[in-house]
Amino acid sequence: MEISEASAETEATFGANSIARRLRGSDDGRVARFRDTLRWGSERLMALFHEGAPADSLVHARAQLVDEVLRAAWQAHVGDSDGLALLAVGGYGRAELLPHSDIDLLVLHSDGELEPHRGAVEQLMAFLWDIGLEVGASVRSPGDCRELARDDLSIFTTLTEHRLLAGNPALVESLEQELGPDRVWPSDAFFRAKLDEQAARHAKFDDTGYKLEPNVKESPGGLRDIQTVAWVAKRHFGARTLADLRERGFLSKQECDELYAGQDFLWRVRFALHMLTGREEDRLLFDHQVRVAKLFGYVDADASLAVEQFMQLYYRTIKMLTCLNDMLLQLFEQAILGDPEAIDPEPINARFCIRGGSIEARQDSVFREHPWALIEIFVLLQRHPEVQGISAGTLRLIRRDRRLVDEGLRETVHARELFITMFREGRGLTRALRRMNRYGVLGRYLPSFGRVIGHMQYDLFHTLTVDEHTLYVVRNLRRMAMQRFREELPFAHKVMQRVPRRDLLYLSGLFHDIGKGQGGDHSTLGAETARRFCLEHGLSHADAELVDWLVRNHLLMSLTAQRQDISDPEIVNDFAQKVGSRARLDYLFLLTCADIRATNPKLWNSWRKALLEELYRATAAAFDRGTENPQDTREVVRERREQALAASGILPERAESVWKRFDADYFMRHTPDELAWHLPALLGAESGGTLALVDDVAERGTTVFVYTRDRDLLFAVTTGVLAQLGLTILDARLNTTADGYALDSYVVVEGDGSAIDSDQRRDEIRSALQSKLTGPELHSVRVSQRPSRQLRHFNTPTVAHHYQDDGRDRTVIELVSADRPGLLSRVGEVFADHGVRLDAAKIATIGERAEDIFYITDASQRPVEDETRLEALCAALVERLKDSGDG
């Protein structure tokens with residue numbers, strides 16, 4: 001069905017006469033008749049949605065259906081009364097109702113007129129409940145409304161959105177007089193309060209609408225932003241619709257059309273959410289995104305999933321609406337709080353000036369005459385930190401003329417010089433790039449960046465769209481360079497002082513993910529794009545080579561730190577050879593830290609920070625020695641033992657009485673601070689007993705250290721206890737002595753990624769482990785913790801494969817599976833069942849995926865070389881973990 005046809009059918013189906021006919025009949029069957037009418041209306045609206053009816057016709061039709069039901073119910077219970085009126089307020093007052101939106105009513109009464117009708121009003125409300133119409137109703141006089149609205153912005157806003165449904169129109173006039181700007185909320189006070197309210201609302205979402213699970217109504221760029229514009233326009237200008245704003249000159253036809261289109265899209269998304277969930281739901285949760293994308297007609301493609309395509313449209317829509325919201329509120333500010341035209345401009349150059357704290361074009365034709373000025377204005381914004389932003393009038397010109405940023409402009413020397421200058425100057429770069437992206441210029445100047453605007457990855461690892469993530473990476477790099485943020489990452493700040501060309505680092509941050517969504521290796525695609533950009537913008541071949549290398553290898557350091565044993569000098573030496581120089585190490589370390597911090601707020605923690613710094617220091621030492629001369633393991637062990645003794649204050653002969661039982665791996669896998677922490681406890685441990693230590697050591701975060709006689713199921717039980725306590729394991733370092741004792745360390749955080757911050761919680765962990773691990777036999781722990789809502793939505797197949805770690809005489813099992821509580825415990829049970837010993841583990845949780853590496857040996861601490869046995873082990877892991885809900 002064509003949209004126009006669907007729209008016409010909606011009007012005909014939900015006309016007042018049509019609904020009234022359905023409601024007529026005897027009093028005996030009134031409840032059933034009203035219920036049936038509401039059910040019929042809901043079903044017909046769902047059908048019209050599937051047939052392509054515009055969302056605005058659907059929300060107004062739903063309101064019209066409820067209007068007629070309420071009018072008929074009012075007439076049946078209250079009848080005609082000059083002292084009462086029934087009003088729709090709030091969103092319903094705007095005649096906008098989604099299938100499960102709040103239905104807010106106001107029973108307005110004149111003084112002394114309520115009591116005679118109180119019983120009838122109560123019967124009406126009971127009847128509405130009986131027919132399944134859940135309403136929120138208040139009963140007030142106009143004077144009551146004024147008193148409540150005076151001190152409550154939310155109540156006032158709700159009351160200003162009113163429509164008369166039934167009763168005396170004179171009461172509505174009285175209400176409007178009581179709520180007039182001469183009595184409550186003058187337009188200037190209302191405007192300031194709405195600006196503050198919007199700022200506070202945006203802050204709840206970290207000032208971005210680009211989260212993985214946005215709120216269609218409340219997030220920045222959501223429907224509430226459009227409503228904020230409408231509320232201010234109504235209060236100050238008396239404008240009841242967006243079209244009224246166009247007639248008053250605040251909106252161009254294109255801007256008005258864009259606002260209507262954006263509103264219609266968001267309404268349609270909300271309608272789909274209400275329809276799918278059967279309740280009021282405004283959050284685009286993972287649970288719903290795939291189904292909404294399907295309702296919108298998207299299908300999977302080679303380079304992107306249907307849900308990713310749909311969400312990209314969503315994010316691009318809210319980006320457009322955010323820009324229009326900026327512009328309109330700024331125009332309102334000028335009209336309501338004072339015209340900046342009265343302020344003398346401060347010229348910057350022949351094209352721009354500063355007026356009232358904003359950069360302003362000196363002529364409306366500036367961008368048409370000088371298209372490169374579309375880049376220059378952001379350079380000026382960068383150079384003038386005292387400026388608050390770009391004036392609304394100039395923003396309108398940018399939106400009008402940004403199409404001039406085309407291939408011809410991109411090839412001009414002047415535009416290229418202006419753009420590269422932003423990175424060379426550094427200061428204010430983040431703000432300038434954010435505004436360029438927000439106002440639609442950055443994606444036009446860099447078409448490859450334009451392709452990733454709004455691009456999301458349907459996983460739990462990346463919490464922002466690619467463009468937002470990229471700009472956060474640049475922000476993080478800038479903060480590392482700034483003195484006032486030096487305490488945020490002191491070590492990174494120190495390394496940044498060594499970097500000679502920060503502009504190249506910022507460019508690497510801008511390009512590191514630009515190849516995503518194109519199919520193929522995004523690092524390779526991004527590196528090729530970055531190299532071409534650098535050469536076109538006048539950088540030397542050496543500079544282009546460095547940016548190319550950083551983009552191509554931006555994952556190298558994080559993968560090495562998290563997936564390989566960086567206590568092994570050979571691993572460090574191999575990494576150093578791949579990096580090639582101390583200078584490249586500096587750049588890569590900073591880019592890696594900035595990237596991880598911008599990927600997921602739960603991803604960056606003290607353990608990951610310590611891990612990267614440890615790899616950096618070890619690699620820097622390798623460069624100092626020369627990569628052709630790797631450090632000897634015995635030398636590392638000797639240095640760590642000496643440092644641990646100095647830190648602990650324990651005499652060497654006492655330490656030796658314990659340490660003589662431990663092999664080199666124990667000393668390689670623990671820092672001197674950790675060795676010093678273990679030593680006194682090990683000296684005091686009872687023979688054959690169990691020791692559990694829990695504390696924060698060496699900036700790694702909370703570390704759990706277990707010393708006990710090694711037994712089958714030890715790893716399974718230990719990780720099971722930790723999982724049952726709601727903890728997430730970030731790292732596992734395992735060691736077994738020649739006389740059969742386990743020395744196992746685990747770095748843990750709370751299940752939500754937060755640090756363990758109380759001694760009581762540490763005592764709880766220690767006590768649980770001590771209790772479960774004490775005794776000659778161990779018994780499996782049944783983990784009752786359930787996967788989170790988000791984790792349950794993903795279905796990651798379990799895959800396990802094996803290979804030999806020839807240099808360390810052990811076998812490697814790589815496992816990919818759906819993350820869930822108790823996963824490691826189940827793995828440990830399988831290892832115990834198959835008679836293999838766990839030598840070490842590298843734990844990596846990538847959003848919804850667990851990507852873990854286990855180093856195993858046989859009972860004689862030799863590699864497991866029997867291919868049949870290894871295949872059986874991998875098959876058992878897959879079988880045990882195939883149910884992603886197995887907790």
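Accessible areas here come from the Shrake-Rupley method with a 1.4 Å probe. With that in hand, welcome to the tour of this predicted model.

**Stop one: the whole protein.** Show everything as a surface. The protein exposes about 36,500 Å², and carbon and sulfur atoms supply 47% of that area. Orient the view along the principal axes, where the C-alpha atoms fill a box of roughly 100 × 75 × 50 Å. Of the 887 residues, 58% count as buried.

**Stop two: cartoon view.** Switch representation and you will find 41 helices and 17 strands. If you draw contacts between residues at least 6 apart in sequence, 71% of them join residues at least 24 apart. Colour by charge next: the mean positions of the 112 positive and 138 negative charges are 2 Å apart.

**Stop three: helix H18.** Select residues 392-401, which make up H18. Here 7 of the 10 residues are buried, leaving the helix mostly covered. Those buried residues are Ala392, Thr394, Leu395, Leu397, Ile398, Arg399 and Asp401. Now add some of their cover, which includes helix H13 (253-277), helix H15 (306-337), strand S7 (358-361) and helix H17 (373-383).

**Stop four: glutamate 376.** Stay with H17, since this helix holds glutamate 376. Is this residue buried or exposed? Glutamate 376 counts as buried because its relative accessibility is 7%, and the cut-off for buried is under 20%. Show side chains and look for arginine 351: its side chain makes a polar contact with that of glutamate 376, at 2.7 Å. To complete the view, select Asn349, Phe352 and Leu418, which are also among the residues that glutamate 376 touches beyond four places away in sequence.

Notes: Residues numbered from 1 in each chain as written. Predicted model: local features only at pLDDT ≥ 70, side-chain atom pairs only at ≥ 80, totals over all residues. Heavy atoms only, no water. Helix = DSSP H or I, 4+ residues; strand = E, 2+ residues; numbered from the N terminus. Buried < 20%, exposed > 50% of the residue type's maximum accessible area, 1.4 Å probe, protein only. Contact = heavy atoms within 4.5 Å. Lys, Arg positive; Asp, Glu negative; His and termini not counted. Charge placed at Lys NZ, Arg CZ, Asp CG, Glu CD. Polar contact = N/O pair within 3.5 Å; in protein donor to acceptor, adjacent residues only side chain to side chain.
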